[in-house]
There are 2 protein chains.
Amino acid sequence: MTTPQRPASRKEIRQENEKLILQAAEKTFAEAGFGGATMQLIADVAGLPKANLHYYFPTKESLYRRVVQDIFHVWLQAADIFDAADGPIEGLGAYIDAKMEISRKHPAGSKVWASEVMHRAPVIQDYLETTLRDWTEGRIAVIERWIAQGLMDPVNPRHLLYMLWATTQHYADFNHQIETLNTGRPLSDAQWAEATETVKRIILTGIGARHAS
Amino acid sequence: MTTPQRPASRKEIRQENEKLILQAAEKTFAEAGFGGATMQLIADVAGLPKANLHYYFPTKESLYRRVVQDIFHVWLQAADIFDAADGPIEGLGAYIDAKMEISRKHPAGSKVWASEVMHRAPVIQDYLETTLRDWTEGRIAVIERWIAQGLMDPVNPRHLLYMLWATTQHYADFNHQIETLNTGRPLSDAQWAEATETVKRIILTGIGARHAS
DNA sequence: AAAAATCTTGACCGGTTGGTCAAGCTGTGG
DNA sequence: CCACAGCTTGACCAACCGGTCAAGATTTTT
């Protein structure tokens, strides 16, 4: 059963409850938006009294901020693959794989991020201007190197990145629309694989990616 | 000046005010979400007293529904170009042009649509299941014909459509992020042209689009 | 010109929301 | 075993929200 034999320690209680609240908050913010998600609703999803939420997160905004920050970190982590590769076929291919996997496993997080950015990033604007900007410049440099090495056609790296983000995140943010057009059912394993392969093929072919000769 | 010489007629007043309210509502829903947009805020943006909004649109939801429906129709209209074309280069090319133009001119509408779909389409689910589904099936048939005619490589038409939607709408939904990464400034005419050309080139190249030989 | 229909608007209301608080409960260290 | 620090929670509150309403203003109809 779920009942532990010894009483939970303070640290365990805190970690457990914060995790519970953050999961419930991510799901609720994604489904209802910041304004539509009430603290009472998040509390119900988490299975805790509302006042308990305010013990761990003093305000709704502070809870929301934590959710967005956590998503951002997961999202950035997927980009490490980018650097380890020798060329666009491995690098961009692995990046698309990773982002499609995130879209499948954590659609709620992607939706919260999208909503935050659509509303002009009221709480993570500083991240956009620092971390994201730096990361983007770094990746642009990598792509420009690949182009200089003749490993792909000369395309504007910035718009290529936007295309990668747009296409992969679309499968999370618009999963409801995609499911509706799929006779109301979630994509099967095979359909996810085909989506990923189609995206990779079109983009890698589209930029003329090739191995070193 | 703005003052008309003769008093406005009933029909004119109604059209004028509905237009004013719908524009204010689209902007406000896009910026604040359904929950974050208050009737008072929309009224202020429209420059009308709040009670006047409720005279033209009895409930907040009915106003929101009208906004979403209007967007959907504009969005569908852009797709007529699709059919008039002989092959993917003209058809998809013109479709990308049209959708990029909409993303540039009406980003708010695209954001409202995205938000609605992300929240599992509470008010336009029936549209998704009827109009959008039919439209999608029709376009898939067109693409399959192009493939059969050897005008493009055999790619899954459904995922190609998702890619078109994702990529073009990204420039509207995430325009704030794009502007932030563009040293805080909106894209210039030249940058929009380059974005459109890059998207068209990667996708059309990626699917091996070619003219009839 | 007067009656009818439509439009305008400040004031108001019940319900909900984020947040507070004090009292009780539960591990922890001495 | 006890005192203290950290955790839990029902009850409560001021602020705000969507929506109502009645009285007045304006245009149309007769």
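**View 1. Here the two chains of this predicted model meet, with 43 residues of chain B and 43 residues of chain A taking part in the contact.** On the side of chain B that touches chain A, the elements giving two or more residues are helix H1 (10–36), helix H7 (107–118), helix H8 (125–148), helix H9 (157–173), helix H10 (175–181) and helix H11 (189–206) of chain B. By residue type, that side of chain B divides into 20 nonpolar, 16 polar and 7 charged.

**View 2. Chain B is laid over chain A by a rotation of 180 degrees with 0.0 Å of shift along the axis.** The superposition has an RMSD of 0.1 Å, and the relation is that of a two-fold axis. If you would like a landmark in chain B, try B:Gly206: its C-alpha is the one nearest the axis, 1.8 Å from it. The same surface serves both copies, as 100% of the contact residues of chain B recur in chain A.

**View 3. A word on confidence before we zoom in: the predictor gives the complex an ipTM of 0.93 and a pTM of 0.94.** In chain A the mean pLDDT is 94, with 97% of the residues at 70 or more. Residues 1–5 of chain A are the place for caution: pLDDT stays under 50 there, and the model has 0 contacts for them beyond four places in sequence. Where pLDDT is low, predicted coordinates should not be read in detail.

**View 4. The largest nonpolar core is shown with its 90 residues.** Those with the most contacts inside this core are A:Phe29, A:Val67 and A:Val112, along with B:Phe29, B:Val67 and B:Val112. Take B:Val67 as a guide: leaving aside neighbours within four places in sequence, this residue is in contact with B:Leu22, B:Ala25, B:Glu26, B:Phe29 and B:Val112.

**View 5. Helix H7 of chain A (residues 107–118) is largely enclosed by the rest of the structure, because 12 of its 12 residues are buried.** Among the buried residues are A:Pro107, A:Lys111, A:Val112, A:Trp113, A:Glu116 and A:Met118. From first C-alpha to last, the helix reaches 16 Å, close to the 16 Å expected at 1.5 Å a residue. A:Arg120 follows H7(A) and has a positive phi, near 70 degrees.

**View 6. Helix H11 of chain B packs its buried residues against helices of both chains.** Those partners are helix H9 (157–173) and helix H11 (189–206) of chain A, together with helix H6 (88–105) and H9 of chain B. The buried residues of H11(B) are B:Ala195, B:Thr196, B:Thr198, B:Val199, B:Lys200, B:Ile202, B:Ile203 and B:Gly206. At 1.5 Å a residue, the 18 residues of H11(B) should span 26 Å, which agrees with the 25 Å between its end C-alpha atoms. Just after the helix, B:Gly208 takes a positive phi of about 65 degrees.

**View 7. Two loop residues of chain A, A:Ala121 and A:Thr183, invite a look at the backbone.** A:Ala121 has a positive phi of about 50 degrees although it is not a glycine, and is found in the loop between H7 and helix H8 (125–148) of chain A. With 19 C-beta neighbours inside 10 Å, A:Ala121 counts as partly exposed, since a buried residue needs 20 or more. A:Thr183 also has a positive phi of about 50 degrees without being a glycine; its place is the loop between helix H10 (175–181) and H11 of chain A. A:Thr183 is exposed, with 8 other C-beta atoms within 10 Å.

Note on methods. Residues numbered from 1 in each chain as written. Chains lettered and ligands numbered in written order. Predicted model: local features only at pLDDT ≥ 70, side-chain atom pairs only at ≥ 80, totals over all residues. Least-squares fit on C-alpha atoms with pLDDT ≥ 70 in both. Contact = placed C-beta atoms within 7 Å. pLDDT = per-residue confidence, 0-100. Core = buried A, V, L, I, M, F, W, Y, C linked by C-beta atoms within 7 Å. Helix = DSSP H or I, 4+ residues; strand = E, 2+ residues; numbered from the N terminus. Nonpolar A, V, L, I, M, F, W, Y, C, P; charged D, E, K, R; others polar. Expected span 1.5 Å × (residues − 1).
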